[in-house]
Amino acid sequence: MDTQHASAPLSTPSRKRDHVELCVHDDVQFTTKTAGFERVELLHNALPELDYNDIDTTTLLFGKPLAMPLMISSMTGGYAEAESINRSLAIACAEYGIALGVGSQRQALEDSTHHASFRVAREYHPHGFITANIGAPEIAQRSARESLHRIIDLIEADALTIHLNPLQELLQVGGNTSFSGVLTGIEECVQYLQIPIIVKEVGAGISRTVAEKLLDIGVQAIDVAGAGGTSWAGVELRRSAMLHEEKAHLHALWNWGIPTIECLQALAPLKPSPLDDDEGNMRFTLIASGGITSGFDMAKSLALGADLTASARPFMKQLVDHGQDGLHTMLRQWREQLTACMFLTGSGNISTMQNVSYILH
Ligand SMILES: Cc1cc2nc3c(=O)[nH]c(=O)nc-3n(C[C@H](O)[C@H](O)[C@H](O)COP(=O)(O)O)c2cc1C
């Protein structure tokens, strides 16, 4: 389907609207690589020694309880129609006891026209874990950093997510490629903000070297957002064609990035082993995302060492194509798939699931 754009194609609301339209109606998946979950086989346990009905999928995220280790990833806000999308996502998150990320709040820093599109998340998920969201280019600017409390207060955020998206900005029409000073900016946020900082990519993955730099400055959570699901190079290449700014010579970047399971394998060893870990505190929370499309992928991510899993486009697409009920059906199915894997690996709770054996094909 051809995506329509509003009259000011470079404005933030128009761009956010285009992103949702492209993600829902166009084929913007990676084409030559996968997240890698098909290579991971959980080791069957014929003697699980537990009752299916006793399986406990709950976990804690920075002290807040979740009914299962899942977050609907940062997606939208900042234009009129985003209010109903975020309302629906928040209703589903409240119903299933999971975490929610709002989309980039850059627009909310520009003016207050669309503040309601973000605030609605807290209205409909009043007790849940909600993370604010801002991009690396804003973090590099002192003036934007000084205003972050406004977007945090807007949704009474439990954490601030900072997205690193150099590939996306590079290919975005009018994108901001000023990435100098981002690490220092993140460090300042860690020191001065009262809530945990989550750093994520948007589908190109986080390497071990980048993770080490982030952990050295005290970042509390890393969401790998690896390659294999939504290609943000793909989204921006499609959007640039739509805006008649053809970038065909950069098309090979569509499949750029580190597959999600490779990120998890590289980052999981950076966590302290359970034996060094007093009172169950983790030095950082490892979040698996990028191409997670089922409760089976959730279970495999946990076995690979993730503490939490997250997914974006599959939920947006399900909501737009099948409505609120469809979204709830999908969450119920993912919960059942996760619980099935826990039963068949003899995992009565999430921390046991994080230690099950797997075969890598
Ligand atoms: C419609 C849409 C909008 C998005 N907007 C944002 C955003 O504003 N901020 C952000 O950090 N990530 C954003 N993302 C990226 C996702 O959070 C996620 O990292 C990425 O899509 C990979 O996950 P997936 O394969 O499950 O889609 C967006 C994703 C989608 C589908």
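What follows is a short question-and-answer session on a predicted model.

User: Before we start, how do you know which atoms and residues count?
Analyst: This is a predicted model, where local features need pLDDT of at least 70 and side-chain atom pairs count only at pLDDT 80 or more, while totals for chains, interfaces and linings use all residues. Residues are numbered from 1 along each chain as its sequence is written, and side-chain values use heavy atoms, with hydrogens and water left out.

User: Why is the pair Phe62 and Phe129 called stacked?
Analyst: Rings of Phe, Tyr and Trp (its six-membered ring) pair if their centres lie within 6.5 Å; planes under 30 degrees apart count as stacked, over 60 as edge-to-face and the rest as tilted. Here the centres are 6.4 Å apart and the planes sit at 25°, so the pair is stacked. The two are 67 residues apart, with Phe62 in the loop between strand S2 (59–61) and strand S3 (64–66) and Phe129 in the loop between helix H4 (115–124) and strand S6 (130–135). Helices (H or I, at least four residues) and strands (E, at least two) are DSSP runs, numbered from the N terminus.

User: And what makes Phe315 and Trp334 tilted?
Analyst: Their centres are 4.8 Å apart, and the angle between the planes is 45°. That angle is neither under 30 degrees nor over 60, so tilted is the word. The whole structure has three aromatic pairs.

User: Is Phe129 buried or exposed, and how do you know?
Analyst: Buried means under 20% relative accessible area, exposed over 50%, partly exposed in between (1.4 Å probe, protein chains only). Phe129 has 2%, so buried it is. Its partner Phe62 has 34%, so that one is partly exposed.

User: What makes Arg17 and Glu81 a salt bridge?
Analyst: The term asks for a side-chain nitrogen of Lys or Arg within 4 Å of a carboxyl oxygen of Asp or Glu. The closest N and O atoms of Arg17 and Glu81 are 3.0 Å apart, so the pair qualifies. Arg17 lies in helix H1 and Glu81 in the loop between strand S4 (70–72) and helix H2 (82–96), so the bridge ties together parts 64 residues apart in sequence.

User: Where do Arg238 and Asp26 sit, and what is their N to O distance?
Analyst: They meet in a salt bridge at 3.5 Å, N to O. Arg238 is in helix H11 (residues 232–242), while Asp26 is in the loop between H1 and strand S1 (40–42), 212 residues apart. Asp26, at 14% relative accessibility, counts as buried, and Arg238, at 33%, counts as partly exposed.

User: Why does Arg15 have no salt bridge?
Analyst: Glu236 is its nearest side chain of opposite charge, and that is 5.9 Å away, so the cut-off isn't met. For charge, Lys and Arg count as positive and Asp and Glu as negative; His and the chain ends are not counted. Arg15 lies in helix H1 (residues 12–25) and is buried.

User: How do you know the buried residues of H10 share a side?
Analyst: Those residues are Ala211, Leu214 and Leu215. They cover an arc of only 95° around the axis, which puts them on the same side of H10. The arc is that of the directions from the helix axis to the C-beta atoms. Also in helix H10, Arg208 and Glu212 are four residues apart, so about one helical turn separates them; their side chains meet in a salt bridge at 3.2 Å, N to O.
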